[in-house]
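I opened the model to take notes on its fold, its core and a few single residues. The entries are in the order I looked things up.

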Amino acid sequence: MHTSESSRAGGGKGVGPGDGRGVGLGLALVSALAFGGSGVAAKPLIEAGLDPLHVVWLRVAGAALVMLPLAVRHRALLRSRPALLAGFGLLGVAGVQAFYFASISRIPVGVALLVEYLAPALVLGWVRFVQRRPVTRAAALGVVLAVGGLACVVEVWSGLSFDALGLLLALGAACCQVGYFVLSDQGSDSGDQAPDPLGVIAYGLLVGTAVLTAVARPWTMDFSVLAQRADMNGTPVAAGLLLGWIVLIATVLAYVTGVVSVRRLSPAIAGVVACLEAVVATVLAWVLLGEHLSAPQIVGGAVVLLGAFIAQSSTPAKGSAEPVAAGGPESRLSARENAA
């Protein structure tokens, strides 16, 4: 990343390239850890009687309320970047969370996240077979590894014993995650005209809240569940405490650090670090929810993450004429044009 880009991402404080990348990696790690704890906190609420969509609505609406002052401060974005705000709200907020929470109501948290990390393969599949553009061999190898690892995660040799709908919902989250990383990088080459990432997050949450309100119909929610205790693998935990964690840590902190890290790094590198989210979520689900994965699933999960790492880390530099890699500049440019 160039010095000027690091300075813009850091609020114009003259951050050097090395410092900017180091801070960016740190922020990406915090984001992965924060996002990784969302499913573990949400699943007890769902099992306590809340509909998955209602949990998503509480998460997004609560975060939107926290970020409302930033939305007011950056209200000029409504005129300058309406398509970006709409896309981020629909895909990066409403889409990812709704599909993910719906999937973990049917399949283990770790499996849902590992399926979600097929996102690099989806990007490459679009570029190669729809846009008919070449991809790097490393990226193609990463896709093969990711798909093969996924076969182990879902234990395809068990036939139809896995929940097909749960897997499809997790795949929907993967599709929306592609949009999240692409739109997080929106405008990083626009100089002083680059949209403020905090403003984008604030309006994305507001747009997501509006969409989810129409879909989830929160007025039908059993709010009394929030005053009770939810069961976390035999341990009673206050539902309000779980909701507070989901809103403040797993949403506000996770999105802020995630989007700012993409600005300092790139969607590809931030996506590699974000792979830790699946590891964190799987370990937490194992310890706190008792969701144990079999040995083949653990091996398959490691292969999925390795495939995602190889695919995303093979991204060529901006302006390069090399074949496209997952989350590469060509795919980001195409997505920006479509979003506009």
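The notes below go from the whole chain to one helix and then to single residues.

**Entry 1: the chain**

I started by noting that this is a predicted model. I then looked up the secondary structure: the protein chain has 16 helices and 2 strands. Next I checked burial. Of the 340 residues in the protein chain, 55% are buried. I also looked at how far apart in sequence the contacting residues are. Among contacts with a separation of 6 or more, 82% join residues 24 or more positions apart. Last came the surface. I noted an accessible surface of about 14300 Å² for the protein chain, and carbon and sulfur atoms hold 67% of that.

**Entry 2: the core**

I asked which residues have the most contacts inside the largest nonpolar core. They are Leu50, Val55, Tyr100, Ile104 and Leu205, in a core of 72 residues. Helix α4, residues 52-73, gives the most to this core, with 10 residues.

I then picked Leu50 and listed its contacts, leaving aside neighbours within four places in sequence. Leucine 50 is in contact with Leu45, Val55, Leu58, Met221, Asp222, Val225 and Leu226. Val55 is thus a contact of Leu50, and Val55 is also named among the residues with the most contacts inside the core.

**Entry 3: helix α4**

I went back to α4 for its geometry. It has 22 residues and spans 32 Å from its first C-alpha to its last, close to the 32 Å expected at 1.5 Å a residue. Where does α4 bend? I found a bend of about 55° at methionine 67, with proline 69 following within four residues. I also checked the start of α4. There, a side-chain oxygen of aspartate 51 comes to within 2.8 Å of the backbone nitrogen of leucine 53.

**Entry 4: two serines**

I looked up serine 38 first. It lies in helix α3, residues 38-47. Buried or exposed? Serine 38 has 1% relative accessibility, and the cut-off for buried is under 20%, so it counts as buried. Its side chain reaches the backbone oxygen of phenylalanine 35 at 2.9 Å. Leaving aside neighbours within four places in sequence, I listed Arg59, Tyr100, Phe101, Ile246 and Ala250 as contacts of serine 38.

Serine 103 came next, in helix α6, residues 82-104. It is buried too, because its relative accessibility is 1%. A polar atom of the serine 103 side chain lies 2.6 Å from the backbone oxygen of tyrosine 100. Not counting residues up to four places away in sequence, serine 103 touches Ala112, Gly166, Leu169 and Ala170.

Tyr100 turned up in both lookups: it is a contact of serine 38, and its backbone oxygen is the partner of serine 103.

**Entry 5: positive phi**

I then turned to backbone angles. Most residues other than glycine have a negative phi. I noted two residues with a positive value.

Arginine 217 has phi near 50°. I found arginine 217 in the loop between α11 (197-216) and β1 (229-232). With a relative accessible area of 46%, arginine 217 is partly exposed.

Asparagine 233 has phi near 55°. Which loop holds asparagine 233? It sits between β1 and β2 (235-238). At 48% relative accessibility, asparagine 233 is partly exposed, because exposed would need over 50%.

Definitions and conventions:
Residues numbered from 1 in each chain as written. Predicted model: local features only at pLDDT ≥ 70, side-chain atom pairs only at ≥ 80, totals over all residues. Heavy atoms only, no water. Core = buried A, V, L, I, M, F, W, Y, C linked by side-chain atoms within 4.5 Å. Buried < 20%, exposed > 50% of the residue type's maximum accessible area, 1.4 Å probe, protein only. Contact = heavy atoms within 4.5 Å. Areas by Shrake-Rupley, 256 points an atom, 1.4 Å probe, with all protein chains shown as cover. Expected span 1.5 Å × (residues − 1). Bend = angle between axes of the 7 residues up to and from the residue. Polar contact = N/O pair within 3.5 Å; in protein donor to acceptor, adjacent residues only side chain to side chain.
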